[in-house]
Amino acid sequence: MADKKAPIFLARKSYQRRRLRDASRVLPIAGGIAFMIPLMWHGDDVTERGTSDAMMFVFGVWIVLVLLAALLVRPTREEDEGPTGGEKEQDVL
Amino acid sequence: MAKRVLVIEDEPNIIEAISFILSRDGWTVHTHSDGETANMRIKATPPDVIILDVMLPGKSGYDILRDLRADQDVSGIPVLMLTARGQTRDRELAEELGATKFMSKPFSNAEVLENVRGLAG
Amino acid sequence: MSFNLLIFVALLYAALLFVVAFIADQRAKLGRARWLGSPAIYTLSLSIYCTAWTFYGAVGNAARNGLEFVTIYLGPTLVMVGWWWFLRKLVWVGRAQRVTSIADLISSRFGKSTPLGVLVTVIAIIAATPYIALQLQSVVQSLAVFADSSGEAWGNSDLNRAALWVSIGLALFTILFGTRNLDANEKHHGIVTAIALEAIVKLCALVAVGVFVVWGMTGGVRDTLALIDASPISEWEQSGGRWAGLIFVSAAAFVCLPRMFQVMVVENEQESHLATASWAFPLYLLAMSLFVLPIAVVGLEVMPEGSNPDLFVLTLPLSASQEGLAVFSFLGGFSSATSMVIVATIALATMVSNHIVVPIWLSSQREGALMSGDVRSVVIGARRFSIVAVLVLGYLYFRTSGGGSALAAIGLVSFTGAIQVLPAIIGALFWRGATRVGASAGLTVGLAIWAWTLFLPSFGPNAIITESVMASGPFGIEWLRPQALFGIGGQDPLLHAVFWSMSLNALIFVIGSVFSFPTPLERLQGAQFVNVFENTGGARNWTPSAAASEDLLIMSQRLLGATEAQKVFQQAAEKQGKTGYLPDVTPEFIQQLERELAGSVGAATAHAMIGQLLPGASISVEDLMAVADEAAQIMEYSSRLEAKSREQERTARQLRQANEKLTALSVQKDAFLSQISHELRTPMTSIRAFSEILQDENADDAQRIRYAGIIHNETMRLTRLLDDLLDLSFLENGQVVLNKRRISLRKLLNQAISSAGINADGAGLKINRTPQDEDVSLTTDPDRLSQVFINLISNAAKYCGADAPELSSIVRNLGADLQIDFVDNGEGISVENQTMIFEKFSRLTDHRKAGGAGLGLAICREIMQRLDGSVSYLPGQGGAAFRVTVPLSDPE
């Protein structure tokens, strides 16, 4: 997330932050859809894809979700304060 | 029969001093130290002269005087007013309310005697 | 391995939990445990989602249905990952409104309604009781496994006895650490820390068993996968409806379960913790479920036919003679069960006490909110009682159900019951049009459908609902068959129940809301909930009325404790630019106070209690304006203006107060001179009169001696007066040299009491002291401080006025300062006189009785200022009460 050059427009930072926030909103929806994919494996090639494949797939999606969520947490939280006032982090963008 | 004087005052030492001076001169001295019941006391046994202090617990000397003058039965009794503050404002107020004489503390014994005798006429 | 050793290990582990909880509580109290409030602890505490059902039951579920078990974790994962949508708002609202439970949230949002709180509480109890029973069952079943392996076969009575002991232990732990104090924020550091520890234990245990199974019993990952493909569950024939439906149910349950709400919202310290948990908790869930399928498959392969797959986690290591691992695994299951029961019990007990017990108790009190006695003890007592009641319910359910059916089945029934509050919660947070009528109707319908289609049938055929009703409906009405409502049959019973209960619940909720009209309070709360991110100032709930601040203080002291309540009042007064403990009763102050109280007894009760004290309070037209959309927008634009005008209002208040003080001062100056004149002339009158009498020599000897004595006394009185005046003038001009040294408070008080002429035998004024608190040393000027004490004590002796006068000294060590309250049992001092008493010559009664010139308290105040402390009048204590605050050490 680090900008190499000093940002010319300050607005760019907050603009990026907002888009990342959008991304984190999309994340659960995308995850939910991805978790439904194995349901479509019915039909012709039942023998090809068994429970072990479904397990690998589900856990794969799962770990990707965890990683993306972890990546998106920091930048989206800038400038936001918790209900108690919260602590403010240094700007890392 | 000896003339009766009522001392309304709440400082015990001052009461004692006035009582001593006046009884030596032949007066019957009664004392009362509560403001609130003072008017009732006057009405019950009206004295010939009243010595009235201003600063009293419950009801001030001024209020007692005002009520006294408003009550026809006892309005004629001469009143000698005592005050420890001694400002002209106090004297004016006392006279306005109908005090017969006014004396500020500390007073000399002779002054008390002279005033009381004068009031008793 | 002997069974007794296992019991010993289990007890040792329980003792460890007690110690950890105790230490965490102590450290939190001292405020020096930063790690207690860390995101890691928060994330781990969320793991109470993984109960014994997860620990044992997931493997059983996997052995029966294959990968389907994982849906129970996918739902919460999606909710956590999508925290920005929902959880963030929930946590904000929870903090802003000081919500204590899920019942409180719904009751508070829909007009602080008590009946609604009761309804949600009832749903929560019905849904949670089987679940608690389930945890008890899992603990005793795992114990039975060990008993069995060491050659003792357990009968029913053994199981029941074990369940009873476990329940008693849990009740003890929960009462000990869950009802320690009526903390304003409902935070339980001890319990949360113990639960975090248990979270680690259960994860490590399950992973350890998994690692053993994969690498110890099978030949590694590849072989395990091959084994899965060769097992009876290898075929991927997942029903799409169940897959999606279970993800939905678990996602909803994750936010609706009372225990999850407790750790996620109530115990939350700051938003950043939630942000961390948004990825860390899914990771935890992933780790928890990673080895479930391998364990299930290996169990099916290795264990004899007909063994209970729910207990594979224990029986697999035992069958491989890995007893150490089996014990560890037992501790993991034990942790899962106990942590769930503890938190669920706390959450339910909070609801029961705040929404059922306290309101009933309150309405039975004839005196209303101004009752005598400490309400805190009542609330804590109610909570303890509720904890025991919840556990008794769970135990009874365990006894009567006999612990038969598979673990996972009860879990899902319970989940489906708990999620009936989902439409109400979503409506509460996102829809301003949601009303109390709609929420109550939706909840009732959802509860009824759930009970009819899922809960009652779950007791088994013919237990409650007869088979004929199941087959052909009640009274032969086919449309009402429990598992085929409206004649649509042939579905999975669980999905059938979830579908009909949720959809009708939501539908009735929406219809009810659309066609009912909300009360003003509902609309205000609705605006505050839905616009929680924009709303910082808050709407007004009360119009100012004549309620005395002092009455509110008295009530608050009984709920929050004296120290806490006084702090709140003092801060509020300071914010208004006033000094002392009694702020003006502004709408802002009332709202703040109501929230403080809500943190202890819930919003509905707090509202009702304040309502009793402010009978004229109602919502004004202006307040209603604030609800309307347009007004809200305008308010947003003018918020800056408003802040400015608030500032001006404050300055004006300060100026007004300063002006009042100046006017009063100038009157006082005149009065002061006239007073001095009076105080000097009175003794002089006596002196002059008696010295003249002595000069005349008319008196006898006895009289002469007496009069000389009077003259002597009056000169002493004059001297005292002059001393006091000089003392005061020195103090006021700061010309006093203090001789500070270290001295014990007890010694100082002893000296003061004897100097004030109070007899030790208690004749006259009786003094109640607290010797254990007086055991403290301070660096100060002992003579000066003692002078203050003497003054306060002799004032009490003179003015108390009670038939049996008593003075209590209460000592509090505040760390940097020492606080000593002197409270007598007399009539106290009226509000208008409270500000006057520290002024010079301000004697309230007649001066003969006082024996002084009325300078005492003025001198006390000056002395305390010199000592860097303070003395103030403390209202609302029954009698007259003075508070002396003095620093423990010399600040220089």
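Good morning. I begin with an open sheet of five strands in chain C, in which the strands follow the order β4-β6-β7-β9-β8 with mixed pairing. At its edges lie β4(C), residues 766–768, and β8(C), residues 870–873, each of which pairs on one side only. Between neighbouring strands of this sheet the average turn is 20°, direction ignored.

Please bear in mind that this is a predicted model.

Let me stay with the β8 edge for a moment. Strand β8(C) is joined by four bridges to β9(C), residues 881–887, and the two run antiparallel. One residue pair may serve as a landmark: Y873(C) has F882(C), in β9(C), as its bridge partner.

I now turn to chain C as a whole. The chain holds 36 helices and nine strands. Of its 892 residues, 49% are buried. Among contacts in chain C with a separation of 6 or more, 79% are between residues 24 or more positions apart.

The next topic is the nonpolar interior. The largest nonpolar core comprises 196 residues, and the members that touch the most others are I106(C), A124(C), C256(C), I295(C) and V313(C). Helix α16 of chain C, spanning residues 323–364, gives the most to this core, contributing 18 residues. There is also a second, separate core of 40 residues, with L785(C), A858(C), A880(C) and V884(C) among its members.

Which residues does V313(C) touch, once those up to four places away in sequence are not counted? They are F55(C), Y56(C), V59(C), L206(C), V209(C), I295(C), S329(C) and G333(C).

Finally, I should like to consider A63(C), a residue of helix α3 of chain C, which covers residues 52–65. Is A63(C) buried or exposed? A63(C) counts as buried because 24 other C-beta atoms lie within 10 Å, where the cut-off for a buried residue is 20 or more. Leaving aside neighbours within four places in sequence, A63(C) is in contact with A296(C), G299(C), L300(C), P309(C) and F312(C). As for N308(C), this residue is 245 residues from A63(C) in sequence, while their C-alpha atoms are 9.8 Å apart in space.

To close, I would leave you with two places to examine in the structure: the antiparallel bridges between β8(C) and β9(C), and the contacts of A63(C), including A296(C) and F312(C). Thank you.

Terms used: Residues numbered from 1 in each chain as written. Chains lettered and ligands numbered in written order. Predicted model: local features only at pLDDT ≥ 70, side-chain atom pairs only at ≥ 80, totals over all residues. Core = buried A, V, L, I, M, F, W, Y, C linked by C-beta atoms within 7 Å. Buried ≥ 20, exposed ≤ 12 C-beta atoms within 10 Å, placed from the backbone. Contact = placed C-beta atoms within 7 Å. Pairing = 2+ DSSP bridges. Axes fitted to C-alpha atoms, helices over the stretch in contact; angles between N-to-C directions.
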